[in-house]
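Let's take a guided walk through a protein model together. Have a look at the whole picture, and then we will visit a few places one by one.

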Amino acid sequence: MIVDRSVSHGSISTLCSMPMHDKERLYQRLIQLDGRSYATYKELRGTYDFGAFALHIDHVQSDPFAAPSRMRACVPQASAAYPPHTYQNSSRSVALSAYLIDSFAAQARRHTQRSGSGYSGLIEIATPGQLLLERSAMRIDSTGVEARFTVGLPATGRRALGRQAAHLLCELLPEIIENALRYAANDAEEIERYITAGEDADILRTQLRARGLVAFVADGSVLPRRSGIDDRPLAGAVPFLSPPSLRVEFDLPNAGRVSGMGVREGVTLIVGGGFHGKSTLLRALERGIYNHRPDDGRQRVVCEASAVKIRAEDGRSIAGVDISPFINELPMGRDTTCFSSANASGSTSQAAYIAEAMEAGARTLLVDEDTAATNFMIRDERMQQLVSHEPITPLVDRVHALYRERGISTVLAMGGSGDYLDVADCVIAMEDYLPRDVTKRARTIAAAHPTARKAATAHPLAIRERIPQPHSMDARRGKRSLDARTRGDHCVLFGRETIDLNGVEQLVDGGQTRAIARALLYARTHYIDGRRSLADVLDAVERDLAERGLDALDDRCLGDLTHFRRQELAAAINRLRSLQVLQIEA
Ligand code: ADP
Ligand code: MG
């Protein structure tokens, strides 16, 4: 069953029903502005009736070099004319929105170009990558389509080019909207491909649990990407093919019967020689928490929605986390049940990441040896003999209990240590980019070559809830009372602090980082009160987002926000260096 979030958000028609001037009036005003100071553009704020749509000018830039002006176009269904099946549930409306953003961006590129100073003449929309995610740039429901975009109001030097602006807004923009946002102007078959891909992926994901799976990779999927900075599928790649013993089938409403590899709950180990595709498979699972474009190659690779990629991140800060399931008896008797550090080591950061992911509700952990701390992952017999005082209980001694005691599954890409053969429920070997089920062979080898290492005894795997302290989250910055913004795609500036999110690997675009920056402020002002636990705060924010969409976070009609998960919001709070918490007694 698919939860339909699209219908409960504030409807587009209410946004379109403000007092209006008409398009002629806008045209005349712009002509009058020609040659005057740029600041006179500010008068344009307001709503204009263009007949087929309403144009809202929400924010006017103060000069041609400032961030471009923010506008919205609302096209009622009377003229957009989308058949209801194209947006009838959130899986479909989100996929259709991604398609429409592309369509708008293509038309904007065709019709506009930079001309004059700064951003003059440009109409732009925040474009999606390979993923189908709710974005504030485009929304569709039974009332209509709303597109949010920016316009560089034209200038020469600091003088308004009113005539150019009149052409841009009153002639080019209507053409862009006419060609990009009406159903009849788009490719109906392509729209069908988007909405069915989105819906099938959501249905696959929701069915995983009942089948005892944490992930599914359809036969024929293309997992590798073109490059580290190009997320499109690699051309000529070896398509995925499940080993027969791991093959499962699903009946999807659109694609019909699909087969592929089921990754079962418990401990799954991905082994194989270097360069044989282990990390590529794991990365596809990481991204499988989200839906993909129909031509992505991973459109039928899905992972259980709460899965968190865990990595080592030395140097990060940690605030009052119970890492005792993994680390104990630190030098100088330092407590690890409520561990804080301004400069964590690789192993403590990875231990904290797991505890934090559990606190945020993760049911699956994804770990790649490439980004893990070796001493956190393994510890062999010889080292056990040589070093008797070792604070770390390696993950190899805990993965099994994580599942048995807490129901948390782990998928590990690990070619370097055979110690995990003893604890893996399933072992998948990647060979020339194809998976083989080597579980039986791994068991035979583990039995024939028993390790003499002792499984370390460890503390219970409790989750200690934490209450974030409001005074430790200070968003004030200079004259601004509250400020949260972003720098680049992986950095949030919260008040005077910088939150580095480079280690949060499932953050997929700058829009998510921007939304998380807004959410931090929102959480801080609405819910972080010194009484609610972090998990309660995440619940509350998640509930508001589900009810009101991304606009819940900010009432300025921003067009550059992307939906994010509670896990990533938690990751941002956890990386705030000033954060202080009170632990709730276990
Ligand atoms: P490992 O983690 O096993 O060392 P990677 O997953 O990093 O290997 O893959 C190594 C290289 O092989 C990468 O450049 C990746 O793009 C490429 N690759 C992975 N899977 C495939 C595939 N199915 N077809 C073609 N190339 C692939
Ligand atoms: Mg690798």
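How far should the 22 residues of helix H4 (residues 90-111) span at 1.5 Å a residue, and how far apart are its end C-alpha atoms?

## Helix H4

The expected span is 32 Å, and the end C-alpha atoms of H4 are 31 Å apart, which agrees. Here the expected span of a helix is 1.5 Å times one less than its number of residues. Helices (H or I, at least four residues) and strands (E, at least two) are DSSP runs, numbered from the N terminus.

H4 is mostly covered, with 18 of its 22 residues buried. Buried means under 20% relative accessible area, exposed means over 50%, and partly exposed is in between (1.4 Å probe, protein chains only). At the N-terminal end, Asn 89 acts as a cap for H4: one of its side-chain oxygens is 3.2 Å from the backbone nitrogen of Ser 91.

## How to read the model

This is a predicted model, in which local features need pLDDT of at least 70 and side-chain atom pairs count only at pLDDT 80 or more, while totals for chains, interfaces and linings use all residues. Residues are numbered from 1 along each chain as its sequence is written, chains are lettered from A and ligands numbered from 1 in the order in which they are written, and side-chain values use heavy atoms, with hydrogens and water left out.

## The whole protein

Stepping back, the protein has 15 helices and 30 strands. Its radius of gyration is 26 Å, close to the 25 Å that the globule rule gives for 586 residues, so the protein is as compact as a globular protein of that length. (The radius of gyration is taken over C-alpha atoms; the globule rule is 2.2 Å times the number of residues to the power 0.38.) The C-alpha trace spans about 85 × 55 × 40 Å along its principal axes, and 58% of the 586 residues count as buried.

## The magnesium ion

Which residues are the protein donors of the magnesium ion (ligand 2)? They are Ser 279 (OG) and Asp 370 (OD), lying 2.1 to 2.3 Å from the ion. Ser 279 lies in helix H7 (residues 278-287) and Asp 370 in the loop between strand S22 (364-368) and helix H9 (374-377), so the pair ties together parts that are 91 residues apart in sequence. Donors are N, O and S atoms within 2.8 Å of the metal (3.2 Å for Na, K and Ca); water is not among the atoms, so sites may look incomplete.

The two donors contrast in cover: Ser 279 is buried, at 14% relative accessibility, whereas Asp 370 is exposed, at 54%.

## Around ligand 1

Of the 13 residues around ligand 1, those that come nearest are Val 238, Phe 275, Lys 278, Ser 279 and Thr 280. A backbone N or O atom of Val 238 is 2.9 Å from a nitrogen atom of the ligand. An N or O atom in the side chain of Lys 278 lies 2.9 Å from an oxygen atom of ligand 1, and a polar side-chain atom of Tyr 433 lies 3.3 Å from an oxygen atom of ligand 1.

## Two loop residues

Met 332 and Ile 327 are both found in the loop between strands S20 and S21. Is each one buried or exposed? Met 332 is exposed, with a relative accessible area of 84%, while Ile 327 counts as buried at 1%. Met 332 also has a positive phi of about 65 degrees although it is not a glycine.

Notes:
Polar contact = N/O pair within 3.5 Å; in protein donor to acceptor, adjacent residues only side chain to side chain. Near = heavy atom within 4 Å.
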